[in-house]
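Please look over the sequence and the coordinates shown here before reading the report that accompanies them.

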Amino acid sequence: MKLKTLTLMLLAGMSANILAADVINHKSPYCGCCGDWTKHMEEAGFAVKEALHDDMDSVKQKLGLKNEQLYSCHTAEIEGYVFEGHIPADDIKAFLANPPRNAKGLAVPGMPMGSPGMEYGDKKDSYSVYAFNQQGQVFEYRRHEGNQK
């Protein structure tokens, strides 16, 4: 009985580690909303390490984010993919479970109110999450409707 219990405990621990992908969140040391996005990701089960940079544009370019129209305030690396901006954890989980062919990552351009890390009361902007590839091609991956007119 003890062996069975120990085995179940080990399997449960392994399952939790498999679900929690390691995240490196590159951000400015002066940006609070980026830290709030980190908390959102941790609450969703991700293990997040923050890397502080004074020049975020060079980090984005180094990671292959070529289209400046996709830029936001922080850039994360997960399992070899790039995630730009305030992307909901559920969208990242869905992407990682079934990445679109040739996709390099996801992006939420700008800083839409109501996106993870950008909460402001009950106000929410509508915004899109875009997938992009190495060649710079972009398509809408998901859409989040807001409540602002």
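The report below moves from the overall fold to the sheet, the helix that lies across it, one residue in a loop, and the cavity.

## Overall organisation

This is a predicted model, and the chain of 149 residues has 41% of them buried. Its secondary structure comes to four helices and seven strands, which follow one another along the sequence in the pattern α-β-α-β-α-β-β-α-β-β-β. Among contacts with a separation of 6 or more, 53% are made by residues 24 or more positions apart.

## The sheet

The seven strands are arranged in an open sheet with mixed pairing, in the order β2-β1-β3-β4-β5-β6-β7. Because β2 (47-52) and β7 (138-144) each have a single partner strand, these two stand at the edges, and one side of each is left without a neighbour in the sheet. On average, and with direction ignored, neighbouring strands of this sheet are turned by 25° against each other.

## From β1 to β4

Strand β1, residues 22-27, pairs with β3 in the antiparallel sense over four bridges, and within this pairing Ile24 has Glu77 of β3 as its bridge partner. Glu77 also has a bridge partner in β4, namely Val82, so that a path can be traced from β1 through β3 into β4 by way of the bridges of Glu77.

The pairing of β3 (residues 75-78) with β4 (residues 81-84) is likewise antiparallel and comprises four bridges, with Ala76 standing opposite Phe83. These two strands form a hairpin with two residues between them, and Glu79 in the turn has a positive phi of about 50°.

## From β5 to β7

β5 and β6 pair in the antiparallel sense over four bridges, one of the bridge pairs being Gly105 with Phe132 in β6. On the β7 side, β6 is joined by six bridges, again with the two strands running antiparallel, and Phe132 stands opposite Val138 in β7. The strand β6 itself is mostly covered, since six of its seven residues are buried.

β6 and β7 also form a hairpin, here with four residues between the strands, and Gly136 in the turn has a positive phi of about 95°.

## Helix α4 and the loop before it

Helix α4, residues 89-97, lies across β3, β4, β5 (103-107), β6 (127-133) and β7, and runs at about 135° to β7. The loop between β4 and α4 contains Ile87, which counts as buried because its relative accessibility is 0%.

When residues up to four places away in sequence are not counted, Ile87 touches Trp37, His40, Ile92, Leu106, Ala107, Val108, Pro116 and Val129. Although Ile87 and Tyr130 are 43 residues apart along the chain, their C-alpha atoms are separated by 9.5 Å.

## The cavity

The structure holds one cavity of 30 Å³ or more, and the largest cavity has a volume of about 40 Å³. Its lining is made up of Gly64, Leu65, Lys66, Asn67, Leu70, Phe132, Asn133, Gln134, Gly136 and Val138, which by class gives four nonpolar, five polar and one charged residues.

Several of these names have already appeared in the account of the sheet. Phe132 and Val138, which stand opposite each other in the pairing of β6 with β7, are both among the lining residues, as is Gly136, the residue with positive phi in the turn of the β6-β7 hairpin.

Definitions and conventions. Residues are numbered from 1 along each chain as its sequence is written. This is a predicted model: local features need pLDDT of at least 70, side-chain atom pairs count only at pLDDT 80 or more; totals for chains, interfaces and linings use all residues. Side-chain values use heavy atoms; hydrogens and water are left out. Axes are lines fitted to C-alpha atoms, for helices over the stretch in contact, and angles run from 0 to 180 degrees between N-to-C directions. Contact means heavy atoms within 4.5 Å. On a 1 Å grid over the protein atoms alone, a cavity is a set of points where a 1.4 Å probe fits but cannot get out, and a pocket is an open set with protein on both sides within 12 Å along at least five of seven lines; lining residues have an atom within 4 Å of a point. Grid points are joined across faces, edges and corners, and a volume is the space filled by probe spheres set on the points. Ala, Val, Leu, Ile, Met, Phe, Trp, Tyr, Cys and Pro count as nonpolar, Asp, Glu, Lys and Arg as charged, and the others, Gly among them, as polar. Buried means under 20% relative accessible area, exposed over 50%, partly exposed in between (1.4 Å probe, protein chains only).
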